[in-house]
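Subject: Structure for you to look at

Hello,

Please find below the structure that I said I would pass on to you. Once you have had a look at it, read on for what was found in it, beginning with one pair of residues and working outwards from there.

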Amino acid sequence: MKKDNEQTKKSYEKPVVRRFPLRPEEAVLGFCKTSASTGPAAFGCRGQDQCFTGGS
Amino acid sequence: MPRESYLSIGGITFAIHDPDPQWTWDDPVSRFLVAPTDAEIVLNVGRASARPPGGSLVFDSGAVWRLFREEHGYRIECRSEAFGPDPYKTATFNEDFTRGTIEMLPQLAHLNPLEYPLDEVLISNLLARGRGVELHSCGVIDHEGRGHLFVGVSGAGKTTTARLWDGRASGIVSDDRVIVRERDGAMWMFGTPWHGEAELSMPGGAPLSGVYLLVQAEANELRALEPAEAVARLFRCTFPLFHDAAALDFTLSFLERIAASVPVRELRFTRDRIVVDLVLWTPQS
């Protein structure tokens with residue numbers, strides 16, 4: 001019985017660290033996808049109309 | 001004349017009271033208006049008042065908004081070069097963001113006070129307090145009522161996916177932002193007003209059947225993911241509250257629950273409509 005358990009036991013795999021980089025402009029709300037858009041919602045906007053372009 | 005409006009986004013209901021509304025609800029947010037209800041979140045709208053700056057800066061988005069901690073809650077200030085150094089909009093909230101007041105500059109009284117990004121920042125704070133998660137994703141409901149969630153960063157193919165499903169879906173809840181919440185022990189996906197290039201956005205939702213991390217490739221293929229990899233790659237497509245350890249904890253644990261509830265796979269696809277069949281014909285368990 002003990003032998004069966006040993007046979008079915010998974011071999012040890014050393015943990016591997018994998019990096020999944022975040023993109024600040026995507027992970028943080030408020031950046032605008034359309035650089036040409038106007039409105040107060042977009043960073044650096046100079047227009048005065050409402051912007052409907054959601055950011056990333 | 002005062003106005004009370006009610007919104008439901010991702011199953012979270014909002015009441016918005018404005019004593020002197022000079023703005024209207026525009027599409028697509030107007031699609032999320034609902035009949036008067038006992039709202040979970042109550043917001044009052046007013047005009048900007050002389051408010052002494054207070055509280056401590058908690059998070060600077062680097063974009064238009066900054067979050068401050070106040071004695072009994074939080075304050076979000078939105079600034080734009082277009083309107084000078086003072087905030088064009090200031091929103092104050094209680095500790096759990098369920099009650100708030102939004103003050104606009106008088107010359108901006110014609111703008112929706114919940115205009116992006118405040119609406120989505122608020123939702124992010126509400127979701128991260130035990131309610132669910134918003135993912136950078138495209139949500140498709142098939143003709144059997146099953147929800148398929150295609151997750152990816154900008155350029156991964158969310159809008160392309162939405163177009164590939166044209167005619168094969170009973171609805172696309174958003175081509176860019178989808179909320180996932182637990183309902184009666186099952187994961188559900190919900191539409192949001194925040195859409196992508198295809199401008200697809202609708203209220204409502206569907207039980208989640210599968211999650212697919214999008215990768216553009218030379219051939220169509222579905223690859224199972226280990227839970228740890230699935231959670232890490234999903235986290236990359238959330239909007240985390242970096243300043244709040246408890247919120248980050250919740251978000252990660254919620255992603256784990258998603259990965260334990262439904263298959264999370266990598267979908268390598270060729271921008272060919274045959275990928276729709278691959279998704280529909282693959283067993284969901």
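A good place to begin is Gly147(B), whose bridge partner in strand β14 of chain B is Leu208(B). Please keep in mind throughout that this is a predicted model.

Gly147(B) belongs to strand β10, residues 147–151 of chain B, and this strand is mostly covered, with five of its five residues buried. Gly147(B), Leu149(B) and Val151(B) point one way from the strand, while His148(B) and Phe150(B) point the other way, and all of them are buried.

β10(B) has partners that run in two senses. With β14(B), residues 205–216, β10(B) pairs in the parallel sense over five bridges, whereas strand β9(B), residues 133–142, is joined to β10(B) by five bridges and runs antiparallel to it. Within that antiparallel pair, Cys138(B) has Phe150(B) as its bridge partner. β9(B) and β10(B) form a hairpin with four residues between them, and in the turn Gly145(B) has a positive phi of about 85 degrees. As background, the strands of a sheet pair through backbone hydrogen bonds, in either the parallel or the antiparallel sense.

β10(B) and β14(B) also appear in the surroundings of helix α3, residues 227–235 of chain B, since the cover of its buried residues includes β9, β10, β14, α4 (245–261) and β16 (264–269) of chain B. The buried residues in α3(B) include Ala230(B), Val231(B), Arg233(B) and Leu234(B).

Which residues touch the most other members of the largest nonpolar core? They are Leu149(B), Val151(B), Val180(B), Tyr212(B), Leu234(B) and Ile258(B), in a core of 78 residues. Domain 1 (3–127) and domain 2 (133–281) of chain B both give residues to this core, so the core lies between them. For Val180(B), leaving aside its neighbours within four places in sequence, the contacts are Gly132(B), Val133(B), Leu135(B), Met187(B), Met189(B), Leu208(B) and Ile258(B).

The centres of the two domains, taken over C-alpha atoms, are separated by 27 Å, and 16 residues of domain 1 of chain B are in contact with 16 residues of domain 2 of chain B. On the side of domain 1 that touches domain 2, the elements that give two or more residues are β1, β4 and α1 of chain B, and α1(B) gives the most, with five residues.

There is also an open sheet of eight strands in chain B, with mixed pairing and the order β1-β2-β3-β8-β7-β6-β5-β4. Its edge strands are β1(B) (3–9) and β4(B) (56–60), each of which pairs on one side only, and the twist averages 20 degrees from one strand to the next. Inside this order, β3(B), residues 41–47, and β8(B), residues 99–104, run parallel and are joined by six bridges, with Val45(B) standing opposite Ile102(B) in β8(B). Helix α1(B), residues 118–127, packs on the sheet, and its direction makes about 155 degrees with that of β6(B).

Finally, chain B as a whole has five helices and 16 strands, and 45% of its 285 residues count as buried. A compact globule with 285 residues would have a radius of gyration near 19 Å, and chain B, with 20 Å, agrees with this.

Best wishes

Conventions: Residues numbered from 1 in each chain as written. Chains lettered and ligands numbered in written order. Predicted model: local features only at pLDDT ≥ 70, side-chain atom pairs only at ≥ 80, totals over all residues. Buried ≥ 20, exposed ≤ 12 C-beta atoms within 10 Å, placed from the backbone. Pairing = 2+ DSSP bridges. Core = buried A, V, L, I, M, F, W, Y, C linked by C-beta atoms within 7 Å. Domains from an automatic or database assignment. Contact = placed C-beta atoms within 7 Å. Rg over C-alpha atoms; globule rule 2.2 N^0.38 Å. Axes fitted to C-alpha atoms, helices over the stretch in contact; angles between N-to-C directions.
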